[in-house]
Amino acid sequence: MDRVIERPEDRVPTGVPGLDAVLHGGLLRRGVYMLQGRPGAGKTILANQMSFHHAAQGGRVLYTTLLAETHERLIFNLEPLSFFDTSRIPEQISYLSAFSTLEESGLKGLVEVLRREVRVRKSTLLVVDGLVAVEESAATRKDFKKFIHELQVHVSFIGCTVLLLTSASTEPVGPEHTMVDGVIALDDTRLGRGAERELEVKKFRGSSFLRGGHAFQITRDGIKVLPRLEALLQEPSREDPCKTARVSTGIAQLDKMIGGGLPCASTSVLFGPTGAGKTTFGLHFLNESSKTEPGLLFGFYETPARIFLKARVLGLDLEKKHKQGVFHMLWHPPTERILDGLGNKLLTTVREQGIRRLFIDGVDGFMQSAAHPERISHFLAALTNELRVLGITTVYTSELQDMFVSDVRLPISGVSSLVENILFLRFVELRSRVYRMLSVVKVRDSDYDSSLREYRITSRGIQLADTFESAESVLTGDAKPTGTPRPKRKGLLRKRKP
Amino acid sequence: MKTLLVVDDEVGVTEALQDLLSDEGFTVLTARNGKDGLKRIGEKRPDLILLDYMMPVMDGRELLLALQADATHQDIPVILMSAMPRSSIPADCKPAAFLRKPFDIDHLLAEVGRLLTPG
C-alpha cells in the first residue's frame with residue numbers, strides 16, 4: 001500500500017470585515033490573486049490589513065514593493081491605522097524592496113529573489129506591490145505571463161498565497177487576468193457630489209463568492225466591506241419558524257381589531273402622512289418590550305432624546321425600559337450613510353441583543369441611503385425575509401407625501417407585497433375639523449375588522465374609537481356627514497361638539 | 001549526493017522542483033514525459049523518481065508499469081503526483097507514495113527523506 005497524502009482544503013481568511021463573507025471564507029491557500037484599482041483606491045491598505053491579520057493568525061508575510069516609494073513612507077502612512085502593529089515587524093512581516101532587482105536583473109532575477117526570500121523566510125503570504133512595474137519591464141506580454149506563471153508554480157510548492165497589487169486599468173481584460181486565481185477590483189465612484197467606494201470580486205477560481213459590487217469604507221481601523229445585503233442573504237439564514245402566536249401592538253383596541261395582535265414574526269407597515277402619529281403607534285408597540293421580548297427602535301429622523309420625550313408625553317416610560325436593557329435604540333442622523341452598512345448594523349444588533357420587537361421608523365430612510373435606488377426593493381425583501389426567519393415581529397413606518405387625497409401613492413414600490421400586515425393612517429376633514437383615521441387593509445392568515453376608526457393622541461397614549469359610521473367617502477379625505485349620528489355608537493366623533 | 005528524476009510535462013513544475021530540490025542538495029534531472037523519463041533512467045539511474053500521472057506520449061502509469069516489469073529498475077522508489085485523488089488511479093499503479101497536487105514542498109521532502117532512508 002503506497003502512502004497517500006491528499007490535498008488539504010484550506011482557506012486564508014483576509015480578516016477584513018465583510019470581505020471573507022464576500023469570498024465565502026477567504027482566499028484559497030496557494031492562490032495568486034490580483035488586487036487592482038486606481039491610485040488611492042485602497043489597495044495598499046487592504047493588502048497590509050490582510051498581512052497584519054495573517055501575521056496575527058501565526059502566518060508569515062513577505063511584503064515586496066516594486067515602487068519608488070520608500071518603506072519609511074509606506075510605514076509612515078500605515079502607522080495611524082489600528083491594525084498596524086510594529087511588534088510583527090520584521091519577524092512575521094518583512095518589507096522588501098525589489099525595485100533595484102527588477103531594474104538590474106529583470107523578471108527572471110525578480111522571480112529568483114522572490115522564490116528564494118519566500119523559501120528562506122518561510123512566508124505563507126507574499127505581497128507584490130506595484131505589478132505595473134513588472135508589466136513595464138517585460139519585453140513582451142508573453143514574458144509578463146511567464147513571470148506570473150513561474151511565480152504561481154513556485155509559491156504553490158511552498159504553500160504560499162500571493163497578492164499582486166496593480167493600478168492597471170480593469171478594461172480591457174489583460175492576459176494576466178486569465179492566469180491568476182482571482183481578481184479583486186477596488187473602485188471609487190462619484191455619486192453626485194459624494195462618492196462611494198466599491199469592491200468587486202471579478203474572478204475567484206475554485207470557490208463560490210458574492211458576485212457584484214459591494215460598498216466599502218476606509219476608517220481608522222482599515223477597510224470594512226459591506227456586502228450587498230440581498231447577495232449576502234440570497235437565502236435566509238434558517239427555516240421560517242411559521243409561528244402562530246400573536247404579539248400585542250400595545251394598543252388594546254387595535255389588537256382586538258386584528259385578532260389579538262400582530263402575527264408573531266410577521267412584518268407590518270404603517271402608511272401615513274406626516275403628523276398622523278406613525279412613530280406614536282411604534283412607541284406603543286415598543287412599550288411592550290420585556291426581558292422575553294426585547295425591543296429595538298431603528299430610526300433615521302428623531303434623536304433618542306426626542307423619542308424619550310415623545311414617549312413621556314404619551315405616558316410611556318421607554319427610558320426605564322432602556323435602562324433595564326429591554327429596549328434599545330439605533331439612530332442614524334441624515335448624513336453620509338451606506339445602505340448595506342445600515343442593514344448589516346440592524347441585523348447585527350438584532351442578533352446580538354436577541355431582539356423580538358423591531359420598529360423601523362421611516363423605511364424611506366433606507367431609500368435615501370441607497371446609492372442605487374433601484375436596489376431598494378431587493379434590499380428590503382432580503383432584510384424582511386431574514387427578520388422573519390429570526391422570529392422578529394417588525395413594524396415599519398412609511399410616509400405618504402399627500403395629506404388629503406384619495407389617490408394613495410406608496411413611497412417605495414413593492415413594499416406592500418413584502419409585508420404581511422398593512423395599516424393606513426389618514427387625515428379626514430369633516431365639518432371644518434381634521435380627524436385622524438386608521439384602517440387595517442391586510443393581516444396575514446387572519447380575519448380582521450376592516451372598519452375605519454378614529455384615533456386620538458392623548459397624554460394616555462393613543463385612544464382608538466369605535467367604527468366611524470357617521471361619514472362616507474372618508475378615504476377620499478373629504479368626508480361628508482350622512483345625518484344625525486346614531487345614538488348607540490360610541491365613537492370618539494360622537495362626543496365632539498361640531 | 002542523491003539524484004532525483006522529475007518527470008512532468010509542465011515545464012513550470014519541473015523547473016520549480018528543480019530549483020527547490022537543488023536548494024536541498026539533490027542533483028535533479030528532468031524529463032517531459034514517460035518516454036523521455038525512461039530514456040533518462042537508462043542513461044543514469046536515479047535514486048528516486050517524482051512522476052506526474054497525466055502526460056502526453058507516455059503517461060505516469062505506463063512508465064510505472066514499465067519500471068515494475070524491469071528487474072534492474074523496479075526497486076527505484078517512485079512518488080506519483082496527480083491533481084486527481086488516489087482513488088481515481090488504477091490499482092495496478094503501485095508507487096511508493098502518492099502526493100495529490102498541489103502539495104507543499106515540505107511534504108514532498110518528508111516523503112523523499114523517508115524513501116531514501118535505508119531500512
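This is a selection-by-selection tour of the two chains, A and B, in a predicted model.

Before you click, some bookkeeping: residues are numbered from 1 along each chain as its sequence is written, while chains are lettered from A and ligands numbered from 1 in the order in which they are written. Because the model is predicted, local features need pLDDT of at least 70 and side-chain atom pairs count only at pLDDT 80 or more, though totals for chains, interfaces and linings use all residues.

**Stop 1: chain B on its own**

Select chain B and hide the rest. You should find 4 helices and 5 strands, where helices (H or I, at least four residues) and strands (E, at least two) are DSSP runs numbered from the N terminus. Trace the chain along its sequence and the pattern reads β-α-β-α-β-α-β-β-α. Its C-alpha atoms fill a box of roughly 30 × 30 × 30 Å along the principal axes. The radius of gyration is 13 Å, in agreement with the value near 14 Å for a compact globule of 119 residues; that radius is taken over C-alpha atoms, and the globule rule is 2.2 Å times the number of residues to the power 0.38.

Of the 119 residues here, 37% count as buried. Buried means 20 or more other C-beta atoms within 10 Å of a residue's own, exposed means 12 or fewer, and partly exposed is in between, with C-beta atoms placed from the backbone. Among contacts in chain B with a separation of 6 or more, 56% join residues 24 or more positions apart. A contact is a pair of residues whose C-beta atoms, placed from the backbone, lie within 7 Å.

**Stop 2: helix α2 of chain B**

Now pick residues 34-43 of chain B. Gly34(B), Gly37(B) and Ile41(B) are the ones to colour as buried in this helix. They sit on the same side of α2(B), because they cover an arc of only 55° around the axis; the arc is that of the directions from the helix axis to the C-beta atoms. Their cover includes β1 (3-7), β2 (27-31) and α3 (60-68) of chain B. Spin to the face turned away from the buried side, and there are the exposed Lys39(B), Gly42(B) and Glu43(B).

**Stop 3: where B meets A**

Bring chain A back. The contact takes 21 residues from chain B and 17 from chain A. On the chain B side, the elements giving two or more residues are α1 (11-23), β5 and α4, and α1(B) gives the most, with 6 residues. Colour that side by class and you get 12 nonpolar, 2 polar and 7 charged residues. Here Ala, Val, Leu, Ile, Met, Phe, Trp, Tyr, Cys and Pro count as nonpolar, Asp, Glu, Lys and Arg as charged, and the others, Gly among them, as polar.

**Stop 4: the two domains of chain A**

Colour 8-227 as domain 1 and 246-481 as domain 2; the bounds come from an automatic or database domain assignment. Their contact takes 7 residues from domain 1 and 6 from domain 2. On the domain 1 side, β10 (194-204) and β11 (213-219) of chain A are the elements that give two or more residues.

**Stop 5: the largest nonpolar core**

Which residues touch the most other members of this core? Select Leu126(A), Val162(A), Leu164(A) and Leu51(B), out of 161 residues. Such a core is a set of buried Ala, Val, Leu, Ile, Met, Phe, Trp, Tyr and Cys residues joined through C-beta atoms within 7 Å. Helix α6 (141-158) of chain A gives the most to this core, with 8 residues. Both domains of chain A give residues to this core, so it lies between them. Zoom in on Leu126(A): beyond its neighbours within four places in sequence, Leu126(A) is in contact with residues including Leu62(A), Val155(A) and Val162(A).

**Stop 6: backbone oddities**

Most residues other than glycine have a negative phi, and most peptide bonds are trans. Here are some exceptions to visit:

- Ile89(A) to Pro90(A) is a cis peptide bond, omega near 0°, and Pro90(A) is in the loop between α3 (71-78) and β6 (93-97) of chain A.
- Lys101(B) to Pro102(B) is cis too, omega near -10°, with Pro102(B) in the loop between β5 (97-100) and α4 (105-116) of chain B.
- His24(A) has phi near 55° and is partly exposed, with 13 other C-beta atoms within 10 Å.
- Arg30(A) has a positive phi of about 80° and is buried, with 22 C-beta neighbours inside 10 Å.

Key. Two residues are in contact if their C-beta atoms, placed from the backbone, lie within 7 Å.
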